[in-house]
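Biologist: I would like a close look at a single part of this model, followed by whatever else helps a first-year student to place that part in its surroundings.

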Amino acid sequence: MNDSSLPTVTIAEAKNIISAMAHRQSILLLSAPGVGKSDAVRQAAAAAGLECRSLLGTQIAPEDVSGIPRIVGERSVFCPPRILLPEKPEKFCLFLDELPACAPDIQKAFYSLLLERRLGEHKLPEGTWVVAAGNRAEDRSLVRSLSAALINRAIILQVQVNVKEWVQWAYANHIREDIISYILLIPMALQRPVPELPVPFSTPRAWASLSQALDLLESHGALTAKTAEAVVFGSVSAEDAKIFMEVQKLDLTPQSLKEPHEYIFSPDLLPKADPEGGNTLRWFVLQKIRSMMLKISNDPESWEHYSKMTPEICGNFFEQLSNEEKVVVMLNCVPAWGKLGADRTLVKLFFDMTGIEIKAE
């Protein structure tokens, strides 16, 4: 399943759906790695007073689901494991983690469990939840194709990160203030695309892990610029790690910056570049502007708010930027700039970057 146009739910919305439906309907949560699906299932179960029993799809065999046979009288009887069928007939939450990573024969073993809450001749206790989770094929994780039969036996929810929800969670769970401030300043940094190479990348889980790592270093008196840099680059995307380390020196807060659109209307407000073209704060502001453009690209209702952003205003803004800075601001949001009237700037940038000469007709 790989369709970015599918409707999505947030972690909080997923928990509400699980709480309302999981006792009757099997649910499969799909998302990029590190979003917090597993925690959402456990939290929903805990809130309902249910024990959460987990099976990890990559570490089970078919007999771990169907059970091992034994002879009773003149017949063979399959005995499911206790994790799936506890001795006490009390309802619980059965969590099938990394379900899309299961081999086809294990997926088949789950068919009756997902649809009928049954393991062979044994029924799960009435009211038991069945919830599964996993990553998507496009996330380059260990994912196999889900059979049509399995897909048809569960309600599939596409889960997406919500920055506001995460920030609320982060404050409640004592995530470091410097990390929360960074995410507030660059919301896109909360969840970066999965890289092609096996290197660290930014996810909600990675930021939470980094927060704990920095706290541990600090509590042991081992937090220095060098150790901080090592664990930051070892936890999140290199682009975020670099800027995160630089931002610490700037002591930025969300209140210390203008709104992104204000810099477009008044480019003289932009932090000045140094003689070599660098300036962490300037680059930071340009990333904020790009994030705004990406947001309005996906939100048609927000265009009205930017109706005063004329082609002249856009042109004046881009005149203050180097070609490299223009590329940063336009990355993945060219259509949005085009709609605001930056067509000429886009065309000129193309010819400047490619070296192609414009020939008069």
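To begin with, is cysteine 93 buried or exposed, and what is its relative accessible area?

Modeller: Please keep in mind that this is a predicted model. Cysteine 93 has a relative accessible area of 0%, so this residue counts as buried, because buried means under 20%. Cysteine 93 takes part in no disulfide, and the nearest cysteine sulfur, which belongs to cysteine 52, is 4.0 Å away. A disulfide would require the two sulfur atoms to be within 2.5 Å, so this pair does not qualify, and the count for the structure comes to 0 disulfides. Another cysteine, cysteine 102, is buried as well, with a relative accessible area of 1%.

Next to this comes the sheet. The position of cysteine 52 falls in β3, which spans residues 52-56. Six strands make up an open sheet, arranged in the order β1-β10-β2-β9-β6-β3 with parallel pairing. The strands β1 (8-9) and β3 stand at the edges with a single partner strand each, so one side of each is left without a neighbour in the sheet. Elsewhere in the sheet, β2 (residues 27-31) pairs with β9 (residues 129-135) in the parallel sense over 5 bridges, and serine 31 has asparagine 135, in β9, as its bridge partner.

Some charged side chains lie over aromatic rings. Arginine 53 sits over the face of phenylalanine 92, at 5.4 Å from the ring centre, and arginine 153 is placed over the face of tyrosine 111, at 4.7 Å from the ring centre.

Charged side chains also meet one another. Side chains of opposite charge can pair when their charged atoms come close, and the count of salt bridges here comes to 8. One of them joins arginine 176 to aspartate 215, with the closest N and O atoms 2.9 Å apart; arginine 176 is in the loop between α7 (163-172) and α8 (177-185), while aspartate 215 is in helix α9 (residues 204-219), so that this salt bridge links distant parts of the chain, 39 residues apart. Arginine 176 forms another salt bridge with glutamate 218, where the closest N and O atoms are 3.3 Å apart, and this pair again links the loop between α7 and α8 to helix α9, across 42 residues. Of these residues, arginine 176 is buried at a relative accessible area of 15%, whereas aspartate 215 is partly exposed at 31% and glutamate 218 is partly exposed at 47%. A further salt bridge brings together arginine 192 and aspartate 240 (2.8 Å, N to O); arginine 192 is in the loop between α8 and α9, and aspartate 240 is in helix α11 (residues 238-250), 48 residues apart. Both arginine 192 and aspartate 240 are buried. Salt bridges with shared partners connect Arg176, Asp178, Asp215 and Glu218 into one network.

Finally, there are the aromatic rings, of which 7 pairs are found in the whole structure. The ring centres of tryptophan 207 and phenylalanine 244 are 6.0 Å apart and their planes are at 55 degrees, so the pair is tilted. Tryptophan 207 is in helix α9 and phenylalanine 244 in helix α11, 37 residues apart. Tryptophan 207 is buried at 0% relative accessible area, and phenylalanine 244 is buried at 2%. Together with Tyr182, Trp207 and Phe244 form one aromatic cluster.

Definitions and conventions. Residues numbered from 1 in each chain as written. Predicted model: local features only at pLDDT ≥ 70, side-chain atom pairs only at ≥ 80, totals over all residues. Heavy atoms only, no water. Salt bridge = Lys/Arg side-chain N within 4 Å of Asp/Glu carboxyl O. Helix = DSSP H or I, 4+ residues; strand = E, 2+ residues; numbered from the N terminus. Buried < 20%, exposed > 50% of the residue type's maximum accessible area, 1.4 Å probe, protein only. Pairing = 2+ DSSP bridges. Phe/Tyr/Trp six-rings, centres within 6.5 Å; stacked < 30°, edge-to-face > 60°. Lys NZ or Arg CZ within 6 Å of the ring centre and 35° of its normal.
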